[in-house]
Amino acid sequence: MKRQFVNAKVVTPEGIIDSGVVRTDGDIIEYVGAQKVIGVQTVDLMGNYLLPGFIDIHCHGGGGYDFMDATADEMRKISRYHLAHGTTTLVATTMTDTDEAIFAALDRFALLGDDRVTLHGVHLEGPWLSAAQCGAQDVSKMSKPSKENLERILDKYPFVERISAAPEVDPGYEVGLKGKERGIVVAAAHTDCDFDTMLEAVDKGYTLVTHLYSGMRGVVRVNAYRVAGCIEAGLYDDRLTVEVICDGKHLPHSLLKLIYKCKGADRICLITDGIRGAGLPDGTEFVSGRREDGVPAIIEDGVGKMMDRQAFVGSVATTDRLLWNMVNLGGAPIEEVSKMMSKTPARVMGYTDRGTIEVGKRADLVIVTPDLSVESVYLAGERV
């Protein structure tokens, strides 16, 4: 069925089209411009923004569920929860655990079959991480990468799309090289590497920095001399794209502005890093990861915290909150934030069929009011 959206502020890669028209044919965008036609179902947006669907490439769960122990049906519930907030493409993220637990989560993801809702693939965050920058990851279950294990995963689970690892954990460079060979996105995460090691990792295939500033080394003193770390390498190297947890808690407005100035919208992916607690009220106690042996946590002040309140365990944000925060706290215009939420993640992950409002792309669309609230969401051309 053909449908046209009229009287919209259409956010495109080239800028905003005022009083714009977007026409869809089934699940594909067939026209972007200013010309209306007669005889097509018309949706009057009355001056609201029309943005491409949000792409969240780092999310552990939400609505009370976590991808580490969720059934296939519960994974769909996570997807639908985030879809209601504008996320039309979601990458399910695991965390550090035993091989048995991680493979079990991947086996359950495989049971989704073609009915994935918005779930595009899987991101393995761990277990090949640095104990020195563990964050909320379980140090006792961290391990060194092996080429054999990596091959086993990629051969058995073709939906694994990205891997986060610490490049200095030998043989961390091999993860980058294998990812490059197999078309897998490899990111530096929970890493204690220094500036030079990170640049070497880029040469070996690392293209992304997982949640910049969180779980990584910045400038430190070594024998009285300052040594730059992964944070500075991420800001410096234009070959690297950086993730930003833009929940307004993990990073203050000052760092959001700094990252935007250094990297620009084409090198930033806004992510939720959402956990099981996303969508649950303040004061809720929960477990991040598997319920049987995960990390105990509590939601306070709109963020997931460790029970000792000394560190965050993860975000409870949804993508609509990222949009509001980056505009109002980070100082970026909405058309630039749209790139960080859709176009740049699509490029990083190699999704050529989505991420922008252009002819031939999927009709994944989000209608946003002037105060940046999500009014409605269209997935593959159908309102959800």
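The legends below describe close-up views of a predicted model. Because the model is predicted, local features are given at pLDDT of at least 70 and side-chain atom pairs count only at pLDDT 80 or more, while totals for chains, interfaces and linings use all residues. Residues are numbered from 1 along each chain as its sequence is written, and side-chain values use heavy atoms, with hydrogens and water left out.

**View 1. The largest pocket, with a volume of about 320 Å³.** A pocket is an open set of points, on a 1 Å grid over the protein atoms alone, with protein on both sides within 12 Å along at least five of seven lines, whereas a cavity is a set of points where a 1.4 Å probe fits but cannot get out; lining residues have an atom within 4 Å of a point. Grid points are joined across faces, edges and corners, and a volume is the space filled by probe spheres set on the points. The largest pocket is lined by 21 residues, and those nearest its centre are Ala136, His190, Ser214, His250 and Phe312. Strand β21 (residues 312-314) gives the most to this lining, with three residues; strands (E, at least two residues) and helices (H or I, at least four) are DSSP runs, numbered from the N terminus. By class, the lining of the largest pocket holds nine nonpolar, ten polar and two charged residues, where Ala, Val, Leu, Ile, Met, Phe, Trp, Tyr, Cys and Pro count as nonpolar, Asp, Glu, Lys and Arg as charged, and the others, Gly among them, as polar.

**View 2. The largest of four cavities of 30 Å³ or more.** About 80 Å³ of space lies in the largest cavity. Its lining is formed by 13 residues, of which Met95, Thr96, Asp138, Asp293 and Gly294 lie nearest the centre. This lining divides into three nonpolar, five polar and five charged residues.

**View 3. The second largest cavity, of about 60 Å³.** Among the residues that line the second largest cavity are Val11, Thr12, Pro13 and Pro52, together with Glu335, Ser338, Lys339, Ser342 and Lys343. Two elements, β1 (2-12) and α9 (334-349), give two or more residues to this lining, and α9 gives the most, with five residues. The classes in the lining of the second largest cavity are four nonpolar, five polar and three charged residues.

**View 4. The contact of helices α8 and α9.** Two packed helices are described by the angle between their axes and the distance between the axes. The axes of α8 (residues 319-328) and α9 come within 10 Å and cross at roughly 140 degrees; axes are lines fitted to C-alpha atoms, for helices over the stretch in contact, and angles run from 0 to 180 degrees between N-to-C directions. The two helices α8 and α9 are therefore oblique to each other, given that angles under 35 degrees count as roughly parallel, over 145 as roughly antiparallel, 65 to 115 as roughly perpendicular and the rest as oblique. Thr319, Leu322, Leu323, Met326 and Val327 of α8 make the contact with Ile334, Val337, Met340 and Met341 of α9, where contact means heavy atoms within 4.5 Å. By class, this contact has eight nonpolar, one polar and no charged residues.

**View 5. Helix α3 (147-156) beside α2 and α4.** The axes of α2 (residues 99-110) and α3 come within 12 Å and cross at roughly 15 degrees, and α2 and α3 are therefore roughly parallel to each other. Asp99, Phe103 and Asp107 of α2 meet Asn149, Arg152, Ile153 and Lys156 of α3 in this contact, which has two nonpolar, one polar and four charged residues. For α3 and α4, the axes come within 11 Å and cross at roughly 30 degrees, which makes α3 roughly parallel to α4. Lys147, Leu150, Glu151, Leu154 and Asp155 of α3 make the contact with Glu174, Val175, Lys178 and Arg182 of α4, and by class these residues are three nonpolar, no polar and six charged.

**View 6. Two cis peptide bonds and a positive phi in loops.** A cis peptide bond, with omega of about 15 degrees, joins Gly126 and Pro127, and Pro127 is found in the loop between β10 (119-125) and α3. Another cis peptide bond joins Asp170 and Pro171, with omega of about 5 degrees, and Pro171 lies in the loop between β11 (160-165) and α4 (172-182). His211 is not a glycine, although its phi is positive, at about 25 degrees; this residue, His211, lies in the loop between β13 (208-209) and β14 (220-222).
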